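Me: Hi! I've got a structure open and would like to talk it through with you. Can you help me get my bearings?

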Amino acid sequence: MIPYGISDYKELKEKGYYYIDKTRFIGLIERQPPYLFLIRPRRFGKSLLVSMLEAYYDSAGKDHFQDYFGATDIGSAPTSSANSYLTLKFDFSGISPEQALSHFNAYCNAVLHTFVDKYQLPIELKHDSALSNLSTLFIRGQLEKLQIYVLVDEYDNFVNELLVKDEQQYLAMVTGTEAVYKQFFKTLKAGTSGVDAPVKKIFVTGVSPLAMFDLTSGFNIGTNITTDAAFNDLLGVTEQEATEMMEHFHLTGKKDLIFDRIRFWYNGYRFNKNIGHSIFNTDMILYYFNSLVQDGQEPEDLIDVNVRSDYSKIRFLIQTDRKLNGNFSVLNGLLATGKVDAISIKNSFSAFEIRDRDNFVSLLFYLGLISIEKYENLAYQLRIPNQTIRKILGEFLQKSLEENVGLDIRLNVFSEHLRQFASQGKPDVFHYLGAELDRNSKIRDYISGESFVKGFLTAYLSLNPFYEVSTEEERTKGFVDIYLQPITKEVTYGAAIELKYIKRNELTGAVLEAKISEGKAQLDKYSTPPNILKILLVFHGWELVYVERTGGHLEDRSHS
């Protein structure tokens, strides 16, 4: 069975789910400093990793070691630390940002009481305050010479939601002198200090470094292994692991077709500049394989709805006082070109510094919206990793324009026009988008050049079930601005779109003819299959002034 949605290692093993063996990293983890911090995007398998570490190190599971690890890489040669700790695990993904303080306290108390009961410790936790009980545990644990491995999964989950919903509550919870969340990590740190300190190891996971930075002295002992080359494949799925899964489920007869699909939709993640290969998002790949195994065909919607919902909460990053800020331009440019450059990827910055362009780009990297393509000339080139993220960014941009600018494009009408292009080659969809840009006058403040127009078109053309959309697609003798590749054989026509732009107040007949000639010459260079129609679009500011469609047996020219 495919372990889609399973994050409990013991359940996975007990019920016979397929396991992509990551136990080979246990020895490497043990050779690191004792307090580790790992960032990965949502749905990358962090919780299963933490659950696996809990099962491996739990002293209460010694009698069942072979049941859970006998068939794994580590099983034949376990480390000396196997089953040698009391494991204290916190999972902050379930804490609600509503009444966060009381929920956090209640949850931590429940974990602590369960921990004491599980290991039958002679320790009484009498306080209402979870922090006081945690301190008591560590003080008494020092006397009892306990050896505790603390695991904190999704450390920033609920505080990130707090940041979105209630900035003042975030400040009070995370950064204030008496902030409870900050004090929690200070208490963990205290548990590592002194003779016979009970906290021997700590492993923390999250999706960004924001909260850890804002904790400042609350937890400054951790070693960040996020971008270490040795841990690039700790989470995610490599091509070799995907191949082994195909072999296990007898899918190798479709191997080439499957790889063509999953590389474009789910691959592209690289967390270190010196790594020569990219990896798949764990949830995305399991979602796809689950459909292949259970239904005998790929999922009708290639994007898991759970991945979509994870990124819906970050729109606050591109708006200030309900107005789009400079981060919007960065995101729009990213969608237009598929890439962005950065001199460095910062591993430490505050939640209140994300208006800074370099910090914002770094945050996009940690969230998995961009990933390392290469490092050259002393700079990182980061790209949208795959089609799933491109479509999510398209939806994200479209929603942001609707909410912040009042852009009103009737998606049902647009979708019908795009369907007619996909099935019949009718170019009305481009006329429609051009007319809507002209009609929605409020958006004109944001259309300042070719990059915005291209980002806008890419965003809306991504909102469809017909095409794989790419920008700067390499073809013979050039790069296509926007390329629409049909997803299935039922889609008759795709498109290679060349976009030309004329600045405001510079439109003349001669300028227009020059842009048309330039665009046609560029399209003529591209080698495309017969079903890929060549589309030339010329914009003057926000106004679409020329459309030409050629290819197959179709020709259409029109001035808007």
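Me: Let me start somewhere random. Is Glu144 buried, partly exposed or exposed?

Reply: Glu144 counts as partly exposed, at 36% relative accessibility. Please keep in mind that this is a predicted model.

Me: Thanks. Which residue does Glu144 form a salt bridge with?

Reply: That would be Arg140, with the closest N and O atoms 3.5 Å apart. Arg140 is partly exposed as well, with a relative accessible area of 29%.

Me: And where do Arg140 and Glu144 sit in helix α6 relative to each other?

Reply: They are four residues apart in α6, which spans residues 130-144, so about one helical turn separates them.

Me: How many salt bridges are there in the whole structure?

Reply: A search of the whole structure finds 21. One of them joins Lys46 and Glu154, whose closest N and O atoms are 3.7 Å apart. That pair links distant parts of the chain: Lys46 is in helix α3, Glu154 is in the loop between β3 and α7, and the two positions lie 108 residues apart in numbering.

Me: Are Lys46 and Glu154 buried or exposed?

Reply: Lys46 is buried, with a relative accessible area of 2%. Glu154 is buried too, at 9%.

Me: What about Arg357 and Asp358, how do their side chains meet?

Reply: They meet in a salt bridge, at 3.6 Å from N to O. Arg357 is partly exposed, with a relative accessible area of 35%, and Asp358 is partly exposed at 36%.

Me: Which residues are linked in a network of salt bridges?

Reply: Lys22, Arg24 and Glu241 are linked that way.

Me: OK, changing topic to pockets. What volume does the largest pocket have?

Reply: Its volume is about 920 Å³. The lining of this pocket has 43 residues, and the closest to the centre are Ser7, Gly45, Lys46, Ser47 and Leu48. You'll recognise Lys46 from the salt bridge with Glu154.

Me: Which element supplies the largest share of that lining?

Reply: Helix α3 does, with eight residues of the lining of the largest pocket. Elements that each supply at least two residues include α1, β2, α7, α13 and α14.

Me: And how does the lining of the largest pocket divide into nonpolar, polar and charged?

Reply: It divides into 16 nonpolar, ten polar and 17 charged residues.

Me: How much space lies in the second largest pocket?

Reply: About 700 Å³. The second largest pocket is lined by 21 residues, and Leu257, Asp260, Arg261, Glu298 and Ile487 are the closest to its centre. The elements giving two or more residues to this lining are α12, α13, β11 and β12.

Me: Which of those gives the largest share, and what classes of residue are in the lining?

Reply: The largest share comes from α12, with five residues. By class, the lining of the second largest pocket has eight nonpolar, five polar and eight charged residues.

Me: Let's stay with α12, then. How far does α12 reach from its first C-alpha to its last?

Reply: α12 has twelve residues and reaches 15 Å, close to the 16 Å expected at 1.5 Å a residue. Just after this helix, Gly268 takes a positive phi of about 105 degrees.

Me: Which residues of α12 are buried, and what do they pack against?

Reply: The buried ones are Ile258, Phe259, Arg261, Ile262, Trp265 and Tyr266. They pack against α11, α13, α17 and β11. Arg261 is also among the residues closest to the centre of the second largest pocket.

Me: Last topic: how many cavities of 30 Å³ or more does the structure hold?

Reply: It holds two. The second largest cavity has a volume of about 40 Å³.

Me: Which residues line the second largest cavity?

Reply: Ile29, Glu30, Pro33, Pro34, Leu36, Tyr57, Tyr149, Lys201 and Ile202 line it. Two elements, α2 and β4, give two or more residues to that lining.

Me: And by class, what does the lining of that second largest cavity have?

Reply: The lining has seven nonpolar residues, no polar ones and two charged ones.

Technical notes: Residues are numbered from 1 along each chain as its sequence is written. This is a predicted model: local features need pLDDT of at least 70, side-chain atom pairs count only at pLDDT 80 or more; totals for chains, interfaces and linings use all residues. Side-chain values use heavy atoms; hydrogens and water are left out. On a 1 Å grid over the protein atoms alone, a cavity is a set of points where a 1.4 Å probe fits but cannot get out, and a pocket is an open set with protein on both sides within 12 Å along at least five of seven lines; lining residues have an atom within 4 Å of a point. Grid points are joined across faces, edges and corners, and a volume is the space filled by probe spheres set on the points. Ala, Val, Leu, Ile, Met, Phe, Trp, Tyr, Cys and Pro count as nonpolar, Asp, Glu, Lys and Arg as charged, and the others, Gly among them, as polar. The expected span of a helix is 1.5 Å times one less than its number of residues. Buried means under 20% relative accessible area, exposed over 50%, partly exposed in between (1.4 Å probe, protein chains only). Contact means heavy atoms within 4.5 Å. A salt bridge is a side-chain nitrogen of Lys or Arg within 4 Å of a carboxyl oxygen of Asp or Glu.
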